Amino acid sequence: MNIVLRELRANLKSLVIWCLAMVFLIAVGMVKYAGIEAVGQSANQLLNQMPAVIKSMLGMNELDLTSISGYYGVFFLYFALLGGTHAVMLGALIISKEERDKTADFLFVKPVPRSKIITAKLAAVIINLAVFNLVTYFASVFFVAQYNRGESINDQIAYLMISLFILQLIFAAIGLGISGFAENAKKAASLSTTVFLITFFLSAAIDLYDKIDFLKYFTPFKYFPVVEVMQGSFNTFFLFLSTAIILACTAMVYVTFQKRDIYI
Amino acid sequence: MNVIEINKLTKYYGQARGIVDVSFNVREGEIFGFIGPNGAGKSTTIRTLLALIYPTGGSAKIFGKDCISEGPEIRRQIGYLPSEVYYYDNMRVIELLKYSASFYPDTDNKRIYELAEIMELDLGRKIDDLSYGNKKKVGIVQGLLHRPRLIILDEPTGGLDPLMQHKFFELIREENQNGVTVLFSSHILSEVQRICTRVGIIKEGKMVKVEDMSTLGHTNYKKFKVEMLEPQPVDYFNLAGIGDLSVNGKSASFIFNGDINQIIEKLYAKKISNLIVEEPSLEEIFMHYYEREA
């Protein structure tokens, strides 16, 4: 418990900054909605003229930008990018930073098995991710309500947040898993962000070339298609795959980190 | 009773040698000096005892329990002061010490204040702002606050001024009188001579010797550098107890262990222009007195 509290305090500042960034993103994004809504259908036509590459990178395919739910759906890609970056870095560093900051000689000589230290850090990661997610949810509900003159889309927001949370967990687990065998914190962080970016570009590439559609299993960005999720429909296979990735990566860090030598 | 039992402990870092077949015991209630030059394997041995690294071969027991499999339980009774102290920078000293205390059941915070007063440590400051010596003090308090039965010190005096070193030794002696066992690693022979009852000497990853301090206490290594007025025969200083002798025309240098009057007699018989007598480094002593035994 003491380790969890210590980690929460250590990560508090960065979490607050991330959350503020999310609130800012949502607030500014919704201001723009007022403009697009005023222009009406011509905005959609304008956007349709944009090259497919740009549209897919911006997460705008298949969404009707003049409806508030369609417009809000575009946000999901940015949430996933920011939330994913936050999660993958958090996962990659939460354990490896002890060696980087040379505090490992303090923590790992305490009368606690390494597995317990990993569990405590894992709990701190999950709490951080949950706070990030809840702040995003409440900020969305609040700012969407400011511009929404139709039906409430709070349910759709909630579905997207569930997807976001699973994505966060996947990327945090990938970061953790990598930190278990990476030599040091620097390598863990750079390898994790590389994996993260590759999965993002892969998902954009799949949008552009139908022929590589089978690669969608390799990128979590493809596990939660916005249009489907907003209707409340989750693909069982991808939920299963997500769980498998999370469990496998977490198990990996328990196995590798308990067996490795700790250097400072 | 042995508090530490090390049996053929071996650690290779990939191909690189850490320690090879290191065996020795530390008895309850003694201050055991663990000396050797830098890179000899002192820290490797200690880090294995603390299960920070895993041995390639052999085993080590503390309080009769295996260091690796029963590590967490053993570590409840161990206080460790690493050679280089690093803590969470954004914490205050008192926060760090309380955090450390929170890992040990039934530790009272009174002991923190007691130790901080002895070591003249300002508890309100940020770790970040502390000098190296002050961080070391945090390390000392941190290592002792849970009243361990075994204290492991890895080159503890670096960064401490002589006055603080003195207080630190007093503190360790006091703990020892209360029955605490101490493993004290150092590369400074005089430091070990000052406090230890027995010493183990390690060189290039292998234990060379374990000796009572009383035996080693009689030895009196001195390093001589002599400039003569006249060139001398090469074997002029060749006495028993001489090591590392090098004669170059008028100048000679050597390490001597024995009755110093023998050297004085030799010097008195000749005219000399300059004479330097100093404490040899541990490396030099090892190099010329323990080489054959290694």
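1. Three salt bridges are found by the rule across the interface of chain A and chain B, and, the model being a predicted one, these should be read as features of a prediction. One of the salt bridges joins B:Lys11 to A:Asp261, with the closest N and O atoms 2.4 Å apart.

2. Polar contact across the interface of chain A and chain B extends to 16 residue pairs, both residues of each pair being at pLDDT 80 or more. On the side of chain A that touches chain B, helix H1 (2-39), helix H5 (104-107) and helix H10 (236-259) of chain A each supply at least two residues. Sorted by class, that side of chain A has twelve nonpolar, three polar and eleven charged residues.

3. As to the extent of the contact, 26 residues come from chain A and 26 residues from chain B, and the two chains bury about 2400 Å² between them, with 56% of that area on carbon and sulfur atoms. Within the area that chain A buries against chain B, A:Arg6, A:Phe106 and A:Pro111 supply 28%, which is more than any other three residues.

4. Turning to the interior, the largest nonpolar core has 151 residues, and the members that touch the most others in this core are A:Tyr72 and B:Leu183. Helix H4 (residues 68-100) of chain A gives the largest share of this core, namely 15 residues. A second core, separate from this one, consists of eleven residues, among them B:Tyr236, B:Phe254, B:Phe256 and B:Leu267.

5. The surroundings of A:Tyr72 can be listed in full: when its neighbours within four places in sequence are left aside, A:Tyr72 is in contact with A:Phe79, A:Ser140, A:Val144, A:Ile153, A:Ile157, A:Leu160, A:Met161 and A:Met230. Two of these names, A:Phe79 and A:Met161, return among the contacts of A:Thr136, which is the subject of the next point.

6. A:Thr136 lies in helix H6 (residues 114-147) of chain A, and it counts as buried because its relative accessible area is 0%, where the cut-off for buried is under 20%. The side chain of A:Thr136 reaches the backbone oxygen of A:Phe132 at 2.7 Å. If residues up to four places away in sequence are not counted, A:Thr136 touches A:Met22, A:Ile26, A:Phe79, A:Met161 and A:Leu164.

Technical notes. Residues are numbered from 1 along each chain as its sequence is written. Chains are lettered from A and ligands numbered from 1 in the order in which they are written. This is a predicted model: local features need pLDDT of at least 70, side-chain atom pairs count only at pLDDT 80 or more; totals for chains, interfaces and linings use all residues. Side-chain values use heavy atoms; hydrogens and water are left out. Contact means heavy atoms within 4.5 Å. Buried area is the accessible area (1.4 Å probe) that two parts lose on being put together, summed over both. A salt bridge is a side-chain nitrogen of Lys or Arg within 4 Å of a carboxyl oxygen of Asp or Glu. A polar contact is a pair of N or O atoms within 3.5 Å; within protein, one must be able to donate a hydrogen and the other to accept it, and residues adjacent in sequence count only if both atoms are side-chain atoms. Helices (H or I, at least four residues) and strands (E, at least two) are DSSP runs, numbered from the N terminus. Ala, Val, Leu, Ile, Met, Phe, Trp, Tyr, Cys and Pro count as nonpolar, Asp, Glu, Lys and Arg as charged, and the others, Gly among them, as polar. Buried means under 20% relative accessible area, exposed over 50%, partly exposed in between (1.4 Å probe, protein chains only). A nonpolar core is a set of buried Ala, Val, Leu, Ile, Met, Phe, Trp, Tyr and Cys residues joined through side-chain atoms within 4.5 Å.
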